[in-house]
Amino acid sequence: MKKLFIIVFTICFSWLTIFAQKTYTTNRITGAVPKIDGNFEDKAWTTIEWEGDFTQHEPNNGDTPSQKTFFKILYDDNNIYVAIKLMDTEADKITKRLSRRDAWDGDKAGIHIDSYNDKQTAFTFVVNAAGVKNDGIFTLDGSNFDDSWDPIWNAKTMVHSEGWNAEIQIPLSQLRFGKSEEQLWGLQIVRLIYRTEELVFWNHISKEKAGWVRQYGEIDGIKNIKPKRQIEIAPYIMGSYQRYEKEEGNPFADGSDFTYNAGLDGKIGITNDLILDFAINPDFGQVEADPSEVNLTAFETFLTEKRPFFIEGKNITNFQITPGGNPWSRDNLFYSRRIGDSPQLNRNLEEDEYAKTPNNTRILGAFKLTGKTKNGWSIGIIESVTNQEKAIIDLNGNRTKEIIEPYTNYLISRLQKDINKGNTVIGGMLTSTYRDINTENLSYFNKSATTYGFDFTQFFAKKKYYLKFKGVGSHVTGSKDAIYNQQTSSRRYYQRTDIDYITLDSNRTSLSGHGANIAFGKSANTGLRYSFDATWRSPGIELNDNGYMRRANSVFQYIWANYRIDKPFFIFRKINISANEWAGWDFGGTNTFFGGNINTTFQFKNLWSIRGNISREGSSVDDTALRGGEALHTPGNWNYNFNLNSNLTKKISFNAGFWDNIIDLNTGRNYGIWAGLTLRPGNILSVSINSNYNYYNTELQYINTDTDIITDENRYIFGTIEQNTLTFTGRVDLNLTPDFTIQFYCSPFVSAGDYGDYKMITNPSATNYSDRFMLYSQNQLNLTNWTIDENLDGVSDYNINNANYNFREYNSNLVLRWEYIPGSVVFLVWSQSRSSFTDVGEFDYINDMDKLFSNHSNDVFLIKLQHRFRAENWFN
């Protein structure tokens, strides 16, 4: 018995010792600083011992790593120096791929520093074996990771017969810390062995515990350093030449244009904790075009942000109301694509009139104040002013100007506070949009819009459980026309005649509303997780001046449960199974939809994976289908999808899958297939192509609304659509060095929609599906003039749109990027676009592509130079 007790005690003590929080003690450099070259031959590195003793995080959490790793850390008044020695018994299998920054490709190693020591925030500096830098910031104890943060730091690597080395230099100006005689920071050293996806940590992070940064180790011994203020100024100059098809008679389309521009970007450290980014007359000509699509819904397309100024630090100004991947998840108090968007007014041209209009609203200036204080306050403020844009109208040589976008001021402010070591988080957000409305044609715009939000998170039981609440409100003012447009927009449709709890008021000059989300659940890195969520948007809420909202007048609830197995067994490396239930209502209490699904993901030990899903959506009440008419009852559907991924670490990898949506009562079917192939013939070249084909068929596709000249009643006209869409996306990345890259992107897009079985909605809420509409006869339809003679008296009663279409588009970007010194960049860009449209509707890909490329292209050639000046020379 005594021996058994000793054995058990010894095992328990050993595990406690292995997985206790570690502390690393560093030394100050007293002589020459290391030269960052990856070989560790400098005398400074001999003043401190190597530290090892790493553990696996993936795939076998807590096990001994397959390869040994060692590191050293030194510091001086200006920098942190890190040496990481990564042993590898199969050094010839080290993956050392050149790529653009933040590609996170190949074997990697680096350091995470919690310099606030708040157990919530960590600055990440990682380099791959080819010397490519990857960086970012963890917030909320690892719940959020933002790799848009691009600090100025230095790293060099060296691959040798026993493994590889990584040598890193981090200026103290890139870290945030308070004044103290001796610093105590959180520390993690990380390594990824790419070929096996083995993730290794210095301080063990248990998957049985919630949280990430709180499980880091510590570094001490850093004494008598002072916080550094970051000061960087980056002016740019740009010139571009545009070539396009000359249009006879159009004085604004002579076939070519030359433009030039200049501006200034910069960073100023207001304090060590707070950074002021600013941009005067910014230019984003190097950013690739948005993906093509044909939007047949009533809702605005959501576009991802690609402009560097708005991407960096986006987490701190994010106020996503509803989590997850549902239609409400994109609702946000701040949608940065509003700033600098295309002018919203279109001038209807008369005969012989021509117009010159800008593609985008010019941003006159913007600044962004972001940071986190040592007391746990996260701050984010964005202030931006956009230009008054005018269209130049030419009529036989006489020119006038018409305002199509007013001067607009955008303000976004975000504040969040960590309390009780991050177990309680409270915050708020306020946005304001103000437009200079000084002419009658601008009465379409809201004059001012204010939104506000409050969020609260409480964690329990060492962050295993959480309670989260987010509440938002809005107040919009404008002319009667502007507020009438808000009431009748697709987000709310106050004009509907089948509801009595909201009223269309043409005399209103303001609109207010509210929304919220409340969630309770369990979080864990493995095992069982779940969440109970409820969200709502009142009929009057409006976020789209500064944010994004798909629809108001909705209540939505869902239950999500997930079970994850991370311990490899049999042929599996990981298994992930989840189930969802959801339902929705409007503010009148009508159940508008309900459904559920089951999702499974299996990753195998060979790093292949499969994913499958089956969903059931019940019959629904669609209050937007008639674009302002009564709600339409629509059949339910079954949905299935399957996806296969090969081992992405190989030189040749692929993915393929399909989805299938079967609508009840044989009223439609939609399906899609996709496939992608990536080739990496060498460490400097990557070639990928992705294809996606979608088929969409339904009997109830909205076409248009018109008024019967006899009855003066609205006619809601629908049809059966067969839509075929095929798109390809190709990318070629040639990375000659970590700082000199050439990237090519191209995407041809073809979509065709063919309508038939035209019908009029007669009783949208009828119990029987066939009683909800009336099919037009051939005698009622005139598809030559696109009119309808409903009463067959020989006189057209109303019109039907010719909705048939063939839309083709091609976009490509060729970008040469050279970062000749850290933060200073030269861009050479060639962008090409083509598009064409016909109203035939027949899908013939070869013919469509022929017509697309027989059109004249629009080519833009651009050169941009941006040089960054810094207040001190950090690199020796």
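The following paragraphs describe three sites in a predicted model: a surface patch containing Tyr241, and the surroundings of Ser336 and Asp533.

The surface is considered before the interior. Tyr241 lies in strand β15, which spans residues 231-243. With a relative accessibility of 36%, Tyr241 is classed as partly exposed, because that category covers values between the limit for buried residues, under 20%, and the limit for exposed ones, over 50%. Together with Phe258, Tyr260, Leu814, Trp830 and Phe861, Tyr241 forms a nonpolar patch on the surface. The accessible area of these residues together is about 640 Å².

Ser336 belongs to a loop, namely the one between α2 (308-311) and β18 (353-356). Its relative accessible area is 10%, so Ser336 counts as buried. When residues up to four places away in sequence are set aside, Ser336 touches Glu305, Arg307 and Phe310. With Glu305 there is also a polar contact between the two side chains, at 2.6 Å.

Asp533 is located in strand β28, residues 527-537. This residue is buried as well, since its relative accessible area is 5%. Beyond its neighbours within four places in sequence, Asp533 is in contact with Pro323, with Asn517, Ile518 and Ala519, and with Phe556, Gln557 and Tyr558. Of these partners, Asn517 is joined to Asp533 by a side-chain polar contact of 3.4 Å. A C-alpha distance of 32 Å separates Asp533 from Ser448, and the two residues are 85 residues apart along the chain.

Note on methods: Residues are numbered from 1 along each chain as its sequence is written. This is a predicted model: local features need pLDDT of at least 70, side-chain atom pairs count only at pLDDT 80 or more; totals for chains, interfaces and linings use all residues. Side-chain values use heavy atoms; hydrogens and water are left out. Patches are made of residues with over 30% relative accessible area and no salt bridge: like charges are joined within 9 Å, nonpolar side chains (Val, Leu, Ile, Met, Phe, Trp, Tyr) within 5 Å. Accessible areas come from the Shrake-Rupley method with a 1.4 Å probe; for residues, only the protein chains shown count as cover. A salt bridge is a side-chain nitrogen of Lys or Arg within 4 Å of a carboxyl oxygen of Asp or Glu. Helices (H or I, at least four residues) and strands (E, at least two) are DSSP runs, numbered from the N terminus. Buried means under 20% relative accessible area, exposed over 50%, partly exposed in between (1.4 Å probe, protein chains only). A polar contact is a pair of N or O atoms within 3.5 Å; within protein, one must be able to donate a hydrogen and the other to accept it, and residues adjacent in sequence count only if both atoms are side-chain atoms. Contact means heavy atoms within 4.5 Å.
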